Amino acid sequence: MTPSLSAQRRDLDASLERAGFYPRLVADVVHDALDGREPLSHVAHLETHFERTEVHRHITVLVLTEDMLVITHVDDQQLDDAGEQVMAQISTESVPVSQIRSVVLSYLYAQPQDYKPSDQVREMTLAIAWSGGQRLDIGPASCGDPQCDADHGFTGTVAQEDIVLRVSAEADGAQAVQNAKAFARALRKVNTASPASGGYVGSDVAPRRQPGFGGRFNRPHHQR
């Protein structure tokens with residue numbers, strides 16, 4: 001094992017420790033899913049949701065190796081009111097890099113009219129597709145005239161996506177956004193170098209559009 005590869009493994013473990021979400025459990029699951037492969041790059045994204053009096057947390061870990069994208073998702077669930085009984089639900093998926101069809105990055109910048117190269121991205125969305133599945137959201141169309149009551153049919157959005165991660169500098173920190181960008185670059189490099197890859201790789205663009213539709217993302221994570 002070379003020092004650089006062992007350093008990547010240590011960096012992965014350190015990221016899971018910093019996330020603080022059952023780090024030993026998550027690390028064991030991730031390394032088991034890697035099946036001896038060495039990580040090239042990774043993203044660990046922790047999210048917290050509030051539902052009435054309950055707090056729900058989940059972590060999504062993406063680990064890139066030379067030939068696989070390994071995805072681990074862990075949710076916790078409180079089983080009693082006192083919070084003494086907690087269950088962790090874990091799912092993992094391993095996707096051959098050669099099967100990845102698209103890697104799409106979408107950025108948000110504040111005050112673009114004053115943009116400087118040193119400006120930081122406010123928010124970044126990373127969408128990865130490999131199964132060929134699409135999500136379609138449809139709603140009534142309108143012409144913009146508030147007085148118009150004519151039937152304009154339907155409009156909607158279509159996006160190819162199997163997993164979507166949204167990273168915000170405000171919520172997750174500027175470094176988290178930079179880490180996600182670095183992961184996307186590494187994924188693009190491995191994906192385009194794969195001889196069997198016929199995927200579409202995008203940057204600073206929206207998802208591929210169908211006539212009459214626009215692309216957008218609205219899922220924080222994908223869980224199987």
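This is a guided tour of the predicted model, going from selection to selection.

Residues are numbered from 1 along each chain as its sequence is written, and side-chain values use heavy atoms, with hydrogens and water left out. Because the model is predicted, local features need pLDDT of at least 70 and side-chain atom pairs count only at pLDDT 80 or more, while totals for chains, interfaces and linings use all residues.

**Helix H2**

Begin by selecting residues 23-34, which make up helix H2; helices here are DSSP runs of H or I with at least four residues, strands are runs of E with at least two, and both are numbered from the N terminus. The twelve residues of H2 should span 16 Å at 1.5 Å a residue, and its end C-alpha atoms are indeed 16 Å apart, which agrees; the expected span is 1.5 Å times one less than the number of residues.

Now colour Val26, Ala27, Val29, Val30, Ala33 and Leu34, which are buried in H2. They lie on the same side of H2, because the arc they cover around the axis is only 165 degrees, taken from the directions from the helix axis to the C-beta atoms. Turn to the other side of H2, and Arg24, Asp28 and Asp32 are exposed. For these labels, buried means under 20% relative accessible area, exposed over 50%, and partly exposed in between, with a 1.4 Å probe and protein chains only. Just after H2 comes aspartate 35, whose phi is positive, near 55 degrees.

**Aromatic pairs**

Next, show the rings: a search of the whole structure finds three aromatic pairs. Rings of Phe, Tyr and Trp (its six-membered ring) pair if their centres lie within 6.5 Å, and planes under 30 degrees apart count as stacked, over 60 as edge-to-face and the rest as tilted.

Select phenylalanine 21 and tyrosine 22, whose ring centres are 4.7 Å apart with the planes at 55 degrees, so this pair is tilted. Phenylalanine 21 is buried at 1% relative accessibility, whereas tyrosine 22 is partly exposed at 30%.

Then move to tyrosine 109 and tyrosine 115, an edge-to-face pair with 5.5 Å from centre to centre and 85 degrees between the planes. Tyrosine 109 counts as partly exposed at 34% relative accessibility, and tyrosine 115 is partly exposed at 45%. Add Tyr107 to the selection, since ring pairs link Tyr107, Tyr109 and Tyr115 into a cluster.

**Strands E2 and E4**

Select valine 63 in strand E2 (residues 54-64); valine 63 is buried, at 0% relative accessibility. Its C-alpha atom is separated by 9.5 Å from that of serine 94, 31 residues apart along the chain.

Go on to serine 91 in strand E4 (residues 86-96), a residue that is buried at 17% relative accessibility. Serine 91 and threonine 72 are 19 residues apart in sequence, yet 5.8 Å apart in space from C-alpha to C-alpha.

**Helix H4 and the largest pocket**

Select helix H4 (174-193), which has 20 residues and reaches 29 Å from its first C-alpha to its last, close to the 28 Å expected at 1.5 Å a residue. Its buried residues include Val177, Phe183, Leu187 and Arg188.

Finish by showing Ser15, Arg18, Ala44, Ala176 and Asn179, which lie nearest the centre of the largest pocket among its 19 lining residues. Helix H1 (3-19), strand E1 (41-51) and helix H4 are the elements that give two or more residues to this lining. The pocket holds about 480 Å³ of space.

Key. On a 1 Å grid over the protein atoms alone, a cavity is a set of points where a 1.4 Å probe fits but cannot get out, and a pocket is an open set with protein on both sides within 12 Å along at least five of seven lines; lining residues have an atom within 4 Å of a point. Grid points are joined across faces, edges and corners, and a volume is the space filled by probe spheres set on the points.
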